Amino acid sequence: MRDVAIISTGMTPFGELWQSGLRDLFVQAAREALMAVGSPSVDAIYVGNMSGGQFVGQEHLGPLMADHLGLAGVPATRVESACASGGVALRCGFLDVAAGASDLVLVAGVEKMNDGADVTNVLASAADQETEVYHGITFPGLYAMIARAHMARYGTTEEDLAAVSVKNHRHGARNPKAQFRSEVTAEQVMTSSMVAEPLRLLHCSPVSDGAAVVLLCPLERAREFTDAPIRIRSSGLATAPMALADRADPTFLDAVSLAAGRAYKSGGVTPSDIQVAEVHDCFSIAELCVLEALCFTERGSAGELTRAGETALGGRIPINTSGGLKSKGHPVGATGVAQAIEIVEQLRGEAGERQVPDATIGLAQNMGGSGASSVVHIFERV
Amino acid sequence: MPSPRYWREIPSRYRLEAAACRGCKRVIYPKRQVCPQCGGVEFEATRLAHRGRVVTSTVVHVAPTDLQMEAPYAMAVVETEEGVRLMVQVADCDPSEVLPGMEVTLEFRLIRKEDHGGILCYGHKAVPVE
Ligand SMILES: [Zn+2]
């Protein structure tokens with residue numbers, strides 16, 4: 001296996017981008033990434049996308065995106081793993097380069113959610129249609145059940161959940177590409193409208209449009225393109241039972257734990273080596289469960305860790321410096337690639353007001369459904 | 001959604017039919033071709049007891065289109081006496097009273113009317129034990 005580096009990034013702002021269609025978002029982010037390194041020729045394209053078919057009626061995104069980039073002819077593959085589609089696309093690109101099959105690979109994540117689709121129903125298609133959705137559960141409802149189980153088992157409180165949203169909005173206010181660049185108070189979170197008890201509107205990531213792109217190449221060639229390559233040290237992917245009812249412990253995200261274990265092992269790092277991380281906070285409770293599954297803290301203690309400020313900028317392990325899905329926005333298929341971009345900016349020292357001083361090793365964790373798939377990447381400055 | 005899908009799913013939905021793995025004895029609901037615990041492929045049909053306990057729950061306020069008229073409603077993961085867990089709606093009670101540990105029975109009910117075809121969709125809902 002060859003070492004693989006990220007040599008360039010491109011990203012649209014995240015938000016309600018009414019002027020841009022699915023293909024516009026992709027091309028904008030891809031051109032930004034390509035032009036930053038002199039528009040080299042591309043050997044392969046991977047496009048992470050959850051549901052172009054349901055959101056805008058468009059499937060077959062591989063050739064569509066290659067064509068609109070002026071690259072018809074290049075191998076192009078659409079990758080789907082619900083909200084983890086972007087992260088899994090990154091893994092596909094990583095493996096392609098590592099295996100020696102391609103040299104320069106463009107990895108994209110893109111989603112156009114604001115185009116008239118019934119977003120609640122589309123997102124629910126990442127859950128089990130026969131045993132979950134049929135009976136009336138929604139996507140926020142599944143995470144609400146995880147939250148209530150976590151509260152019953154560990155004493156996690158609504159204040160703990162609110163602390164996640166407050167912290168991520170504080171970070172996102174410093175991110176020019178974030179959808180919501182405004183801070184919120186715990187009181188605002190805890191009095192926002194109820195979505196699925198105990199989760200309220202300000203515990204939930206928004207409906208967003210956006211695209212994010214990274215370019216990969218073998219590390220040994222990376223300096224042909226950039227002075228600041230970021231090595232992808234390892235990649236781990238895992239699955240868990242699809243339905244929440246089929247998981248022995250609804251408070252523990254097995255797929256995250258397995259994916260992280262694989263990434264830590266093949267990267268030769270431990271959780272305490274990680275200096276900055278982007279994690280999948282589609283709902284506030286998800287961030288708490290993920291921190292526990294990544295072994296950043298003991299099971300049941302993530303709420304306390306968050307309330308103590310340890311996961312904020314300036315804390316022991318800053319989490320979601322980009323604002324996370326909550327504040328930066330969550331165009332589902334784009335999220336995994338956007339997480340990687342935040343870590344690249346942190347490791348390059350280009351994160352501005354959000355910079356974690358001297359960060360050299362970072363992690364990104366992306367998750368599909370209510371936790372049935374998860375992918376973890378570890379990055380390092382070289 | 002095409003109607004063959006509904007009749008295909010009737011045994012588990014209407015009769016709470018499950019499958020007991022001959023290899024490891026685990027009861028699987030709905031039935032599957034491969035046991036998720038031991039990989040076994042031989043099963044005996046069995047019916048679930050209509051009784052269980054709430055493992056976790058929520059009250060859905062922002063509901064899917066088909067169920068908007070019913071919100072807010074309680075949903076729960078219920079564990080039956082066989083150790084099987086099902087996702088069900090909890091009916092005939094104040095939704096805010098549905099909390100982990102609550103004892104419930106499972107009753108045959110109308111689940112939803114599907115929008116376009118107007119198909120009546122049945123299944124089981126949980127009802128708190130008095
Ligand atoms: Zn078995």
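Here is a walk through three spots in this predicted model: a metal site, a helix pair and a strand residue.

Let's start with the zinc ion. Four cysteine sulfurs hold it, namely the SG atoms of B:Cys21, B:Cys24, B:Cys35 and B:Cys38, at 2.3 to 2.4 Å. Look at the angles among the four donor atoms and you'll find 97 to 114°, so the site is tetrahedral, a label that needs all angles between 85 and 135 degrees. Along the chain, the donors are spaced as C-x2-C-x10-C-x2-C. How exposed are the donors? B:Cys21 is buried, with just 2% relative accessible area, while B:Cys24 comes out as partly exposed at 24%, because the cut-off for buried is under 20%.

Now hop over to chain A, where helix α7 (residues 158–172) packs against helix α10 (residues 284–293). Their axes sit 8 Å apart and make an angle of about 95°, which falls in the 65 to 115 range, so α7(A) and α10(A) count as roughly perpendicular. On the α7(A) side, the contact is made by A:Leu161, A:Val164, A:Ser165, A:Lys167 and A:Asn168; across from them in α10(A) are A:Ser284, A:Ile285, A:Glu287 and A:Leu288. Sorted by class, that gives four nonpolar, three polar and two charged residues.

Last stop, back in chain B: B:Ala126, which belongs to strand β8 (residues 120–128). Its relative accessibility is 0%, so B:Ala126 counts as buried. What does B:Ala126 touch, leaving aside residues up to four places away in sequence? The contacts are B:Val78, B:Val88, B:Gln89, B:Val90, B:Ala91, B:Val104, B:Thr105 and B:Leu106. Take B:Val90: it is 36 residues from B:Ala126 along the chain, yet their C-alpha atoms are separated by 4.6 Å.

Definitions and conventions
Residues numbered from 1 in each chain as written. Chains lettered and ligands numbered in written order. Predicted model: local features only at pLDDT ≥ 70, side-chain atom pairs only at ≥ 80, totals over all residues. Heavy atoms only, no water. Donors = N, O, S within 2.8 Å, 3.2 Å for Na, K, Ca; no water. Tetrahedral: all angles 85-135°; square planar, octahedral: opposite > 155°, others 65-115°. Buried < 20%, exposed > 50% of the residue type's maximum accessible area, 1.4 Å probe, protein only. Axes fitted to C-alpha atoms, helices over the stretch in contact; angles between N-to-C directions. Helix = DSSP H or I, 4+ residues; strand = E, 2+ residues; numbered from the N terminus. Parallel < 35°, antiparallel > 145°, perpendicular 65-115°, else oblique. Contact = heavy atoms within 4.5 Å. Nonpolar A, V, L, I, M, F, W, Y, C, P; charged D, E, K, R; others polar.
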